[in-house]
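Have the model open beside you as you read. We'll take a relaxed walk through it, one piece at a time.

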Amino acid sequence: MLELTAILKEHGLKVTPQRLSIFKMLRSTHIHPSAETIYKALQAEHPTMSLATVYKTLDTFVQHGLVQQLNLGEDSYRYDADTSKHSHVQCTKCKSVIDLPSLNQVPALRNEVQSTTGFILSHEQLYFYGLCPTCQEEGQN
Ligand code: ZN
Ligand code: MN
């Protein structure tokens, strides 16, 4: 917790109990929660915290590069405290989001995009979609 407080301070952010809880939750999960999921998970701990505060806090974290926002094309964004470059795959049924830490073909894909468009690429964000193993099993019942 001290470490998390220090990180927020390093970024010039005022440390409030709500901010700290949101940051802590994001740093301790791999589920890539939405703002609503974070809001619901922290309701018991922070009954007076509004959904708007969660959104505002997440925006602040994104602006400071502490968290990355994933736009998976649904109504709501998902959030990831792992700000390293990595791709994601989402289940179209249960909406779970899984990390794809390294994909061997990404450098080749970047080269192809650069040579076909003449762009000098700065970054990329890849999303894949399909049915997760659990949902595939449920579909067979
Ligand atoms: Zn699924
Ligand atoms: Mn991720």
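What follows is a short tour of this structure, from its overall layout to its metal sites and a few single residues.

## The big picture

Before anything else, keep in mind that this is a predicted model. The protein has 141 residues, and 33% of them count as buried. Its C-alpha trace spans about 50 × 50 × 25 Å along the principal axes.

If you count elements, you get six helices and five strands. Follow the chain from its start and the pattern reads α-α-α-α-β-β-β-β-α-β-α. There is plenty of contact between distant stretches of sequence too: of the contacts with a separation of 6 or more, 48% are between residues 24 or more positions apart.

## The manganese site

Let's go to the manganese ion (ligand 2). Its coordinating residues are His32 (NE2), Asp80 (OD), His86 (NE2), His88 (NE2) and Asp99 (OD), at 2.0 to 2.3 Å. Along the sequence, these donors are spaced H-x47-D-x5-H-x1-H-x10-D. Two of them tie together distant parts of the chain: Asp80 belongs to strand S2 (residues 78-80) and Asp99 to strand S4 (residues 97-100), 19 residues apart.

Are these two aspartates, Asp80 and Asp99, buried or partly exposed? Asp80 has a relative accessible area of 6%, so it is buried. Asp99 comes out at 23%, which puts it among the partly exposed residues, because buried means under 20%.

## His32, a donor with an unusual angle

His32 deserves a stop of its own. You'll find it in the loop between H2 and helix H3 (35-41), and its relative accessible area of 3% makes it buried. Its phi is positive, about 55°, although His32 is not a glycine. For background, most residues other than glycine have a negative phi.

From here you can also look across to Gln69, which sits in strand S1 (residues 68-70). Gln69 and His32 are 37 residues apart in sequence, while their C-alpha atoms are 9.2 Å apart in space. Gln69 is partly exposed, with a relative accessible area of 30%. Not counting neighbours within four places in sequence, its contacts are Asp59, Val62, Tyr77, Arg78, Tyr79 and Tyr127.

## The zinc site

The other metal to look at is the zinc ion (ligand 1). Which residues coordinate the zinc ion (ligand 1)? Cys91, Cys94, Cys132 and Cys135 do the job, each through its SG atom, at 2.3 Å. The spacing of these donors along the chain is C-x2-C-x37-C-x2-C. Angles among the four donor atoms run from 105 to 115°, and the site is tetrahedral.

Two of the cysteines differ in how much surface they show: Cys91 is buried at 3% relative accessibility, whereas Cys94 is partly exposed at 40%. Right after Cys94 in the numbering comes Lys95, in the loop between strand S3 (87-91) and S4. Lys95 has a positive phi near 70° and is a residue other than glycine. Its relative accessibility of 38% makes Lys95 partly exposed.

## Helix H2 and its neighbours

Now over to the helices, with H2 as the centre of attention. Buried in H2 are Arg19, Leu20, Ser21, Ile22, Phe23, Met25 and Leu26. These buried residues pack against helix H1 (2-10), H3, H4 and S2. Two of those helix partners are worth a closer look. Two packed helices are described by the angle between their axes and the distance between the axes.

Start with helix H2 (residues 17-27) and helix H4 (residues 51-63), which pack at about 65° with axes 10 Å apart. That angle makes H2 roughly perpendicular to H4, and their crossing is right-handed. H2 brings Gln18, Arg19, Ile22, Phe23 and Leu26 to the contact, and H4 brings Thr53, Val54, Thr57, Leu58, Thr60 and Phe61.

H1 is the other partner. H1 and H2 pack at an angle of about 110°, and their axes are 10 Å apart. The two are therefore roughly perpendicular to each other, and H1 passes H2 in a right-handed crossing. On the H1 side you'll see Glu3, Leu4, Thr5, Ile7 and Leu8, which meet Leu20, Phe23, Lys24 and Arg27 of H2.

Note on methods. Residues are numbered from 1 along each chain as its sequence is written. Chains are lettered from A and ligands numbered from 1 in the order in which they are written. This is a predicted model: local features need pLDDT of at least 70, side-chain atom pairs count only at pLDDT 80 or more; totals for chains, interfaces and linings use all residues. Side-chain values use heavy atoms; hydrogens and water are left out. Donors are N, O and S atoms within 2.8 Å of the metal (3.2 Å for Na, K and Ca); water is not among the atoms, so sites may look incomplete. Helices (H or I, at least four residues) and strands (E, at least two) are DSSP runs, numbered from the N terminus. Buried means under 20% relative accessible area, exposed over 50%, partly exposed in between (1.4 Å probe, protein chains only). Four donors count as tetrahedral if all angles lie between 85 and 135 degrees; four count as square planar and six as octahedral if opposite donors are over 155 degrees apart and all others between 65 and 115; anything else is irregular. Axes are lines fitted to C-alpha atoms, for helices over the stretch in contact, and angles run from 0 to 180 degrees between N-to-C directions. Angles under 35 degrees count as roughly parallel, over 145 as roughly antiparallel, 65 to 115 as roughly perpendicular and the rest as oblique. A crossing is left-handed if the near helix is turned anticlockwise from the far one by less than a right angle, and right-handed if clockwise. Contact means heavy atoms within 4.5 Å.
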